[in-house]
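User: Please take a close look at the salt bridges of this model. I would like to know where the partners lie and how far each is buried or exposed.

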Amino acid sequence: MAENETLECITEHERILQEIESTDTACVGPTLRSIYDDQPNAHMRFMEKLDARIRNHDREIEKMCNFHHQGFVDAITELLKVRMDAEKLMGQVTDTNQRLQEAGKEVTAQTVEVIRCRIQQRNMATTVEKLQLCIPVLEKYSKLKEQLESKRYYAALKTMEQLEKVYIPRVSQYRFCQIMAENLPRLREDIKEISMSELKDFLESIRKHSDKVGDAAMRQAQQHRTFNSAVAKQANVGHYTRPLYSVNGQTHTQTSLMMDDDAEDEDADEEVLTAQDLVDFSPVYRCLHIYAVLGDRETFENYYRKQRKKQARLVLQPQANMHETVEGYRRYFNQIVGFFLVEDHILHATQGLVTRAFADELWNMALSKIIAVLRTHSSYCEDPDLVLELKNLIVIFADTLQGFGFSVNRLFDLLFDVRDQYNETLLKKWALLFREIFELDNYSPIPVETEDEYKLVVSRFPFHDAEIEKDFPKKLPMSQSVPQIYMQVKEFIYASLKFSESLHRSSTEIDDMLRKSTNLLLTRTLSCCLQNLIKKPYIGLTELVQIIINTTHLEQGCRYLEEFITNITNVSPETVHTTRLYGLSTFKDARHAAEGEIYTKLNQKIDEFIQLADYEWSMAESDGRASGYLMDLINFLRSTFQVFTHLPGKVAQTACMSACKHLSTSLMQMLVDTELKQISMGAIQQFNLDVIQCELFASSEPVPGFQGDTLQLAFIDLRQLLDLFMVWDWSTYLADYGQPTSKYLRVNPATALTLLEKMKDNNKKNNIFSQFRKNDRDKQKLIETVVKQLRSLVNGMSS
């Protein structure tokens, strides 16, 4: 086993030596380490083996050197010979080099100069090449400066874009290009600020130009409307002829209206400037393009719309005194039209800056404000001509904006409110005219001396009477106010018709408008004026009679007014929805009021005469004749009732009956007046004479038409009462009281008792010694007995 181990160890050492000889020196570490990892003292044996191998190699080296030694010696000998030749050659080379150096100094100097020139030439070529790259950049930058100076900002932005994307990147290494690149953003901001400043100036200036733009557009619409109106008038020639009428105190005829139209046509020939002619929109376009190029278009659009909304609110704010003149309304409409025409132009000239939705939103907001403003300010207008001018302006305003695509239906609806206001102002104006006519009227029949005068009156009022037309001079039954009122009603219809023009309404609607406004004039204005006139203190009975006659003729003239409206509108009165005139009821009401006022004034006049009565209630005997005040009263009634014969119907009969009843009541009231304490039989006899005169007046038929003694029955209460006292027929009265056939059926026990007590007190006062005479004592007892019985009757009635 020891031998086997020795053999293995030798084999291993051999392998290690071969590995050391064949491996790189840096990798022998692990191999040497394996020697120490084996058996103890193995390295000693390896060292012995290694020494043996070294000695073996030394012997081989020595053998090889001995083999090559002669060749080495021969080589050294050859080398020594060559050294001498080399030294000689070296001398020759050095000499040649010196001569070459001397000869090459000039060439070297020229070569250096050539090199320097070549370098300069190359540098110049490089410089030219670089300059050729830089020159376009500088030219573009110079062009940019020129564009900025000439305010061509949109072109300047395009130039900046070319500089940034094309030119500057080619020469970006140069400092001046870096400065240019740094300046470009600042220039862009400057352009934005300048363009925004120009836009603000534009927005400011457009407020001043809006009035002119709107005026030009509305004049165009006016010319168009005038042309259409002229064509319509030509088509309607022959329908009806408008007679003479006045508005604002100025007289017009159909011919004068046509002349006015011709004047308008001449004005239409004048050149009318458009919004493009009056406004320079280039600042808006430039600013829009600049912001679009800069990628900030949305900011610009928002700013523009916000500013225009603010301006719209300012434009829609009217002046406080706008309602005072038509020019105030005209300026207001011109500004609004100018504002929206600018928006419409920008809507069509740009893409997206002003959208249709934005324009409609702005218009709807403005329309609500306009309608509110017009409603408020039109309510302040008291002049119908101003309201009519306002209506015409609204129509032109609506037509103008409608031509540019804006919805104006609400404006035409507003015109109905303005029409009501116009009618109100007309009614106020005509109320003054009616009052003036009534105040200036003499309330007497119109005298007609000749046939020409009669025709003149008939031309103004439709009156026909075959008897009056025969012989002259005559007097027409109505007073001067009747034809004047009739003409003013026709003038009112013309004035109402003026408002209906250009409203795009059918003839039926216009006819309905005219009839309704005329009804208002008749039922409200004229009726109120008549009612107030009747209540005037200076209107007497004669005037009231004439007023009744006048209203009768005006009532008859209503059907001619209906025909007049029909001729104007060409709408048949048989149309289902045609409104009828209510003049009949108006004049009937006025006539009834006048009749009532006649009754009242007649009674007041009777009261005035009654107040003149001065009876001596304690007289022993009567004067034998009627009282003077009563005779004057009867004469007054007789003359008054003669005037009443012209009254229509039963007005005179009613007035006469009312007067007689009031007179009877007043006389009865005198007898039972509480302030009258005593009354004598003589006073009763005198009172009886006055009542007899009243009965004679009633029986004389002061007003024809009464049947039998109808009028005398007004004094029946007085007659029976006086007969009772005059005859002293108390037994019959008391016996027949309550019977339908009683002779004193109309005598009231309370009235008889009051009068009897007054006589009783008078007897006590005047006959102090009557108690000593038997007849007087019996009479006094009879009176007391009758008084007791009357009191029992009165108490029985009250219970």
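Analyst: The account below treats the salt bridges one pair at a time and then turns to a nonpolar patch on the surface.

The model is predicted, and it holds 30 salt bridges. Three pairs are described here, beginning with glutamate 361 and lysine 309. The closest N and O atoms of glutamate 361 and lysine 309 are 3.6 Å apart. Glutamate 361 belongs to helix α11 (residues 356-378) and lysine 309 to helix α9 (residues 297-315), so this salt bridge ties together parts that are 52 residues apart in sequence. Both partners fall in the intermediate class of accessibility: glutamate 361 is partly exposed, at a relative accessible area of 45%, and lysine 309 is partly exposed as well, at 26%.

Helix α11 also takes part in the next pair, through arginine 356. The side chain of arginine 356 meets that of aspartate 344 in a salt bridge, with an N to O distance of 4.0 Å. Aspartate 344 is located in helix α10 (residues 326-349), and the pair links distant parts of the chain, 12 residues apart. The two ends of this bridge belong to separate accessibility classes. Arginine 356 has a relative accessibility of 31% and therefore counts as partly exposed, whereas aspartate 344, at 9%, counts as buried, the cut-off for that class being under 20%. The contact is also part of a wider arrangement, since a network of salt bridges links Asp344, Arg356 and Asp360.

The third pair lies within a single helix. Aspartate 511 and arginine 515 are both found in helix α16 (residues 507-535), 4 residues apart, which is about one turn of the helix. Their salt bridge brings the closest N and O atoms to 2.8 Å. Here both partners are buried: aspartate 511 has a relative accessible area of 2%, and arginine 515 has a relative accessibility of 0%.

A nonpolar part of the surface may be set beside these charged pairs. Phe72, Val73, Ile76, Leu79, Leu80 and Val82 make a nonpolar surface patch of about 550 Å². One of these residues, phenylalanine 72, is placed in helix α3 (residues 42-149). Its relative accessibility is 53%, so phenylalanine 72 counts as exposed, a class that begins over 50%.

In summary, the pair of glutamate 361 and lysine 309 joins helices α11 and α9, the pair of arginine 356 and aspartate 344 joins helices α11 and α10, and the pair of aspartate 511 and arginine 515 stays within helix α16.

Notes: Residues numbered from 1 in each chain as written. Predicted model: local features only at pLDDT ≥ 70, side-chain atom pairs only at ≥ 80, totals over all residues. Heavy atoms only, no water. Helix = DSSP H or I, 4+ residues; strand = E, 2+ residues; numbered from the N terminus. Buried < 20%, exposed > 50% of the residue type's maximum accessible area, 1.4 Å probe, protein only. Patch = residues over 30% accessible without salt bridge, like charges linked within 9 Å, V, L, I, M, F, W, Y side chains within 5 Å. Areas by Shrake-Rupley, 256 points an atom, 1.4 Å probe, with all protein chains shown as cover.
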